[in-house]
Structures are given as structure tokens and as C-alpha cells.
Amino acid sequence: MKKYELFVKKWYENLEEGKITAVKCNECGTVEFPPVYVCRDCSGTDMEWIEISGNAKILDIMDVKYMSSSISVSEMQGSTGGTSNGVSKEDSRPAVIQLEEGPMLNTRIYGVNSTNKEELWEKLPLDCKAFIVQKDGFKTVGFMYEGEEE
Amino acid sequence: MYSKVGNYQRKVYIAGVGCTRFCDILDTPGVTGVTEGELFAQAAIDAMEDAGIKAKDINALIHGQLWSAIESDYLTCGAQMNKWVGMNGKPSMHHDEGCATGYVSVELAAQMVASGKYDIVLAGGVECANSHPIEGKPAHMRRPMGADAMAMGPMLDENVYTRHFGGRMGMDAFPSQYRLRNGLSIEEMDDTLNAIQIAARRNSAGNPRAYFQEDLETFAKKLGMSDMNKFMKSVFNPKVSEYIRKFGMELRTEGAAAAIVCSEEVAKSLKKMPIEILACTGATAEMGTPNVEEITTKEAIEELYAITGLCGDDIDLLMTNDFRIPSQLLTAEIAGYYPEGEGWKCFLNGDSAYDGRKPININGGRCAFGHAYAASGLADVFETVKQMRGESEGHQLPVPPKTVLVRGFGGGQNATAMILKA
Ligand SMILES: [Zn+2]
């Protein structure tokens with residue numbers, strides 16, 4: 001019987017060790033972030049764990065401020081206070097990100113608020129950097145807008 | 001392309017349709033106390049009578065409902081419907097594809113008939129989405145849905161990675177992308193979405209099954225406002241997200257709808273004008289996928305046009321699941337019903353209303369007709385069939401449409417498309 005590695009558990013355990021990881025398809029080189037068993041491009045299942053560089057582009061930003069379908073209740077409650085690694089959640093917005101390694105995802109961009117959102121939106125795509133976000137009892141990944149390069 | 005291009009193994013028709021009013025059970029006299037089985041049966045019996053058949057003539061039942069455990073306090077819900085429609089002991093299946101469920105019901109029934117396995121299938125959906133059962137009490141006793149309803153929203157996101165990123169973009173994703181691509185200002189996008197809302201409410205006005213039966217102009221006048229531009233941006237219609245205002249959000253309601261799907265031989269033996277299901281397609285992606293609605297809708301409609309050989313110019317009426325109002329713009333352009341990049345101007349021109357150049361969602365859609373999740377797709381099919389036969393109550397198009405594209409979308413992930421032909 002084939003033995004399957006537990007991808008989800010390993011991904012979260014890697015975050016606890018300070019590593020943001022993905023899997024790379026050994027058949028075609030496609031990177032899956034976050035990890036899944038089957039490659040979206042070639043259907044390969046031989047996956048190798050890699051650490052991502054963390055370099056990414058912001059492709060879109062939403063200025064979700066109100067109750068809507070766009071965000072969970074817990075996120076809404078969270079957005080009125082609290083911090084993630086010292087970054088206020090009020091300074092974060094839902095965003096579309098593309099990793100340097102290829103994958104695109106709906107996630108959260110930090111360092112963006114209602115004051116700078118529209119200005120930044122007009123300059124898209126912009127650079128950002130992945131970082132580890134501490135949640136209640138587990139870690140996940142967020143992306144930080146660190147300003148434009150000089 | 002995922003389907004084999006070509007026609008069904010044999011032709012498939014809709015012979016009858018039924019639909020209840022979409023309303024609040026707890027707030028509507030004469031409806032308060034209704035149960036899921038009764039609602040489902042009301043729509044199903046209407047559909048049978050419309051087709052001129054009886055339950056004994058039907059071979060199998062397809063049943064759709066979301067969240068049956070939470071909102072109805074039961075599991076294996078398809079089986080519970082059999083006896084309410086006189087089909088106890090017959091094959092039945094339950095399925096749930098979020099708000100796309102009702103559209104998928106029609107496709108499943110069509111496949112069952114097309115394969116030759118069954119001659120007549122009943123496809124129905126029911127949803128009691130605006131109230132809750134009371135634990136330990138029978139089904140006619142319900143309580144208002146409170147904050148616990150909001151807790152269900154996040155359950156649409158997968159609980160592995162995406163939900164915890166906190167990055168769901170909801171229905172703001174498309175207006176934002178549309179602005180990026182076409183250079184609209186925030187105000188132009190706002191005006192466009194407001195124009196869609198006004199037309200949607202004009203379309204539901206006078207529809208006896210709709211939740212809102214008066215147009216927004218009338219509503220505004222009652223509040224002492226006659227300038228619609230001001231009214232649409234007033235405290236009565238606040239923004240609930242970056243782009244979407246209150247009237248551009250789904251109205252969560254309760255209701256049921258059903259259709260009788262049958263073979264050509266059966267359809268031609270019945271009294272009513274048979275409506276052919278030319279083809280059904282679908283595409284699905286996980287909700288955390290960026291631009292999921294555009295990606296899946298494109299896939300579904302491209303495949304639909306490849307199978308049928310049709311294009312946007314051939315479509316007389318577009319129906320699309322718009323639980324957030326920008327979906328009308330998204331679908332109209334992808335379907336080639338409105339010109340790409342210029343669709344927003346068509347809405348500003350009033351084209352989407354029943355008396356416009358190219359109507360959309362003639363029943364009012366999810367923001368005006370209402371959204372009873374699993375029943376909504378079948379309610380759109382109900383409206384389409386009635387319009388095609390020239391039988392629509394209160395808001396019949398002067399020229400009955402002959403070729404209609406019905407697009408479903410739900411749960412953030414499933415897009416479907418079908419062509420109905422008179
Ligand atoms: Zn691969």
C-alpha cells in the first residue's frame with residue numbers, strides 16, 4: 001500500500017519552525033502553494049518540499065471595510081483590533097498575490113489601509129514579501145507591503 | 001473542453017415548471033408555518049399540473065438543498081421529499097452545489113433523460129434560508145435567523161489553508177478587476193452597479209412571486225426622494241463592501257421551485273409548448289482561486305457555445321445568478337450579450353430592464369426576486385420557460401424569447417451554463 005505524507009500537518013509544522021514552504025512537482029517543476037497532492041499543470045504526484053523565497057507581486061487589493069460576503073465574521077471582529085506580529089490588522093486588506101515561484105492566491109496584504117489603498121491600487125502590480133502570521137493556536141502566512149524601492 | 005462536443009444522446013425537454021413566492025416564512029401571512037416538504041411539494045405539484053402529468057408518471061426525483069442540517073434540522077433530505085410529492089419508493093438523489101444547486105438539478109435531470117434511463121424526471125429545490133428550526137420541535141415551528149446565520153459564511157471557504165489567510169475577496173474581485181482593465185473611475189463603477197440595481201427592481205415589480213414587487217423609483221418617492229442618483233448613494237443604500245451597496249446584495253429568502261424534465265416523445269405528447277434543453281455545461285474551482293467567477297464562467301460559456309454552435313448574438317434573454325449585483329456585468333460580457341469592455345454603458349443606458357434593448361434577469365434576480373439558495377436556479381428556469389411560452393404573469397416580454405442563456409453560479413466555486421430553446 002502506498003504511503004501518503006500528511007501535507008497540511010507538515011505545512012503548519014514548517015511554519016512553527018519559521019519556514020514558509022511549498023511543494024514542487026518533480027515531473028514538470030510547477031510549484032503548488034499552499035501544498036496539494038496533485039500538480040495542477042501535469043497531474044504529477046511526485047512532489048518535493050521547498051522553502052519559498054517570499055518574494056511576491058500584489059495583483060489586486062480590496063478595501064473591505066464593512067460587513068459583506070467578502071470576509072469571515074472572525075476576520076471582521078479581528079479587523080477592529082488586535083495585532084499580528086505587531087502589525088495592526090486594521091492595516092491589512094484582502095488581496096490577490098502572485099509568488100515569484102508562480103502560484104496566485106487570494107490572501108491578505110498587510111501595510112495597506114483605507115488611506116493608501118486607492119493610491120497603491122493605481123500603481124499595481126507592486127512588490128510584497130511573505131511573512132508568518134501568528135493566529136490563535138497556529139501560524140499562517142500573510143504578505144507585507146514594505147513600500148516602493150528607492 | 002471537458003464535454004464531448006455534440007448533442008445529447010437523445011433530445012431533452014422541459015415540460016412543466018413551478019415556483020412558490022420567494023419570501024420570509026415568519027413574516028408572510030398565509031406562509032408562516034409552512035415546512036420544507038410542503039414548499040417543495042407546492043412547486044412540484046405546480047410543475048406537474050403545468051406539464052399535465054401526475055406523480056405516478058414521474059420516474060425519478062432530483063432534490064437540491066443547501067445547509068439542510070443547519071436550517072432544516074435534517075439529513076438525507078432528498079428522501080424526505082419523496083412522500084410529499086407522491087413518489088415514496090421511487091429513485092431520488094440529493095445534491096448541493098451552493099447557490100448553483102438549482103441549475104445543476106436541471107443538468108442532472110437532463111443527463112438522466114438523455115441517457116435513456118428515465119423518460120420523466122422531477123428536478124426541485126427548496127430552501128428555508130431566512131429562519132431556523134427550533135430544536136426538539138416539529139418543522140412548522142421556526143425562529144428568526146440571527147447572528148448564527150453569519151457564522152455560516154466562512155464555512156464556504158475551505159478550512160485547510162484559505163479560510164485562515166483571511167483573504168476572501170467576495171464579489172468585489174470582479175468590479176476591481178473590471179476597473180483595472182477598463183479604466184473606470186470609482187464613481188463610474190458605482191453608477192453602473194446602481195443602474196443594474198434599478199433595472200433589477202424594475203424587472204421584479206409586478207412579479208407575484210418576487211420578494212420585492214415595487215420598483216426603486218416608487219420606493220424612493222415614498223421616502224420623499226425623487227432624484228434617483230442621490231437616492232442610490234444615500235443612507236438608504238449604503239456601501240456594504242468596497243463596491244457593493246445594500247440593494248446590490250442578495251435577499252436571503254425562503255421558497256421552492258421545480259421543473260419536469262422529459263424525453264422528446266413525452267414532451268410532444270403533452271399540451272404545453274415544450275422547451276428544449278440544448279446543452280448544459282459547468283466548471284468548478286475552489287473559492288480561494290483568484291477571479292474564480294470569471295474563470296469558471298468563461299469555461300462554462302465557451303464550452304456551451306462550442307457544443308451548440310451559438311454565440312452572444314443568438315441570445316434573446318440572459319438569466320444569471322447575481323447574488324452580488326456585479327455578476328450581471330460579468331456574465332453579460334463573457335456571454336457576448338453585451339460588448340466586452342463596454343457592457344457597463346449598456347447598463348447605464350437601461351438595456352437590462354424588461355423594456356430595455358437586451359434584458360437580463362427578467363424576474364429581478366437574486367437582489368430583487370430573492371435568493372432561496374437551492375431553489376434559485378430553478379426559479380430562473382421557471383421564469384425562462386414562462387417567458388418563452390408567453391405566460392409570464394405581470395411582466396411578460398412583448399416578444400417571447402426563443403433562445404435563452406441561463407448561467408448559474410454558487411458557493412463561490414461552481415459556474416454552470418445552459419441554453420433553453422423554444
Ligand atoms: Zn507537474
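## A tour from a surface patch to a buried arginine

Start by selecting A:Leu6, which counts as exposed because its relative accessibility is 57%. The cut-offs used throughout are over 50% relative accessible area for exposed, under 20% for buried, and partly exposed in between, with a 1.4 Å probe and protein chains only.

Two notes before going on. This is a predicted model, in which local features need pLDDT of at least 70 and side-chain atom pairs count only at pLDDT 80 or more, while totals for chains, interfaces and linings use all residues. Residues are numbered from 1 along each chain as its sequence is written, chains are lettered from A and ligands numbered from 1 in the order in which they are written, and side-chain values use heavy atoms, without hydrogens or water.

**Stop 1: the patch around A:Leu6**

A:Leu6 sits in the segment before helix H1 (7-16) of chain A. Helices and strands here are DSSP runs numbered from the N terminus: H or I with at least four residues for a helix, E with at least two for a strand. Now add A:Tyr4, A:Tyr37 and A:Val38 to your selection: with A:Leu6 they form a nonpolar surface patch that has about 420 Å² of accessible area together. Patch members have over 30% relative accessible area and no salt bridge; like charges are joined within 9 Å, and nonpolar side chains (Val, Leu, Ile, Met, Phe, Trp, Tyr) within 5 Å. The areas come from the Shrake-Rupley method with a 1.4 Å probe, and for residues only the protein chains shown count as cover.

While chain A is in view, colour it by secondary structure: you should find three helices and ten strands. Along the sequence they follow the pattern α-β-β-β-β-α-β-β-β-β-α-β-β. Of the 150 residues in chain A, 51% are buried.

**Stop 2: the zinc ion**

Which residues hold the zinc ion as protein donors? Select A:Cys25, A:Cys28, A:Cys39 and A:Cys42; each gives its SG atom, and the distances run from 2.2 to 2.4 Å. Donors are N, O and S atoms within 2.8 Å of the metal (3.2 Å for Na, K and Ca), and water is not among the atoms, so sites may look incomplete. The angles among the four donor atoms are 100 to 115 degrees, which makes the site tetrahedral; for four donors that label asks for all angles between 85 and 135 degrees. Along the chain, the donors are spaced as C-x2-C-x10-C-x2-C. A:Cys25 belongs to strand S1 (residues 21-25) and A:Cys39 to the loop between strand S2 (31-32) and strand S3 (47-51) of chain A, so this pair ties together parts that are 14 residues apart in sequence. Both A:Cys25 and A:Cys39 are buried.

Next, click A:Phe33, in the loop between S2 and S3 of chain A. Is A:Phe33 buried or exposed? A:Phe33 is buried, because its relative accessibility is 5%. Its C-alpha atom is 9.7 Å from that of A:Ile20, 13 residues away along the chain.

**Stop 3: salt bridges in chain B**

Side chains of opposite charge can pair when their charged atoms come close. The whole structure has 32 salt bridges over all chains, each a side-chain nitrogen of Lys or Arg within 4 Å of a carboxyl oxygen of Asp or Glu.

Zoom to B:Asp50 and B:Arg389, whose closest N and O atoms are 3.0 Å apart in a salt bridge. B:Asp50 is in helix H1 (residues 36-51) and B:Arg389 in helix H16 (residues 373-389) of chain B, so the pair joins parts 339 residues apart in sequence. B:Asp50 is buried at 8% relative accessible area, and B:Arg389 is buried at 11%. Widen the selection to B:Lys272, B:Lys386 and B:Glu391, which are linked with B:Asp50 and B:Arg389 in a network of salt bridges.

Then move to B:Arg202 and B:Asp355, in a salt bridge of 2.8 Å, N to O. B:Arg202 lies in helix H8 (residues 186-204) and B:Asp355 in the loop between helix H14 (343-348) and H15 of chain B, so parts 153 residues apart in sequence are tied together. B:Arg202 is partly exposed at 25%, as is B:Asp355 at 46%.

**Stop 4: B:Arg366**

Finish at B:Arg366, in helix H15 (residues 365-368) of chain B. This arginine is buried, with a relative accessible area of 0%. Show its partners:

- B:Asp380, in a salt bridge with B:Arg366 (3.1 Å, N to O)
- B:Asn321, whose side chain makes a polar contact of 2.9 Å with that of B:Arg366
- B:Tyr103, whose side chain makes a polar contact of 3.4 Å with that of B:Arg366

A polar contact is a pair of N or O atoms within 3.5 Å; within protein, one must be able to donate a hydrogen and the other to accept it, and residues adjacent in sequence count only if both atoms are side-chain atoms. Like B:Arg366, B:Asp380 is buried.

Notes:
Tetrahedral: all angles 85-135°; square planar, octahedral: opposite > 155°, others 65-115°.
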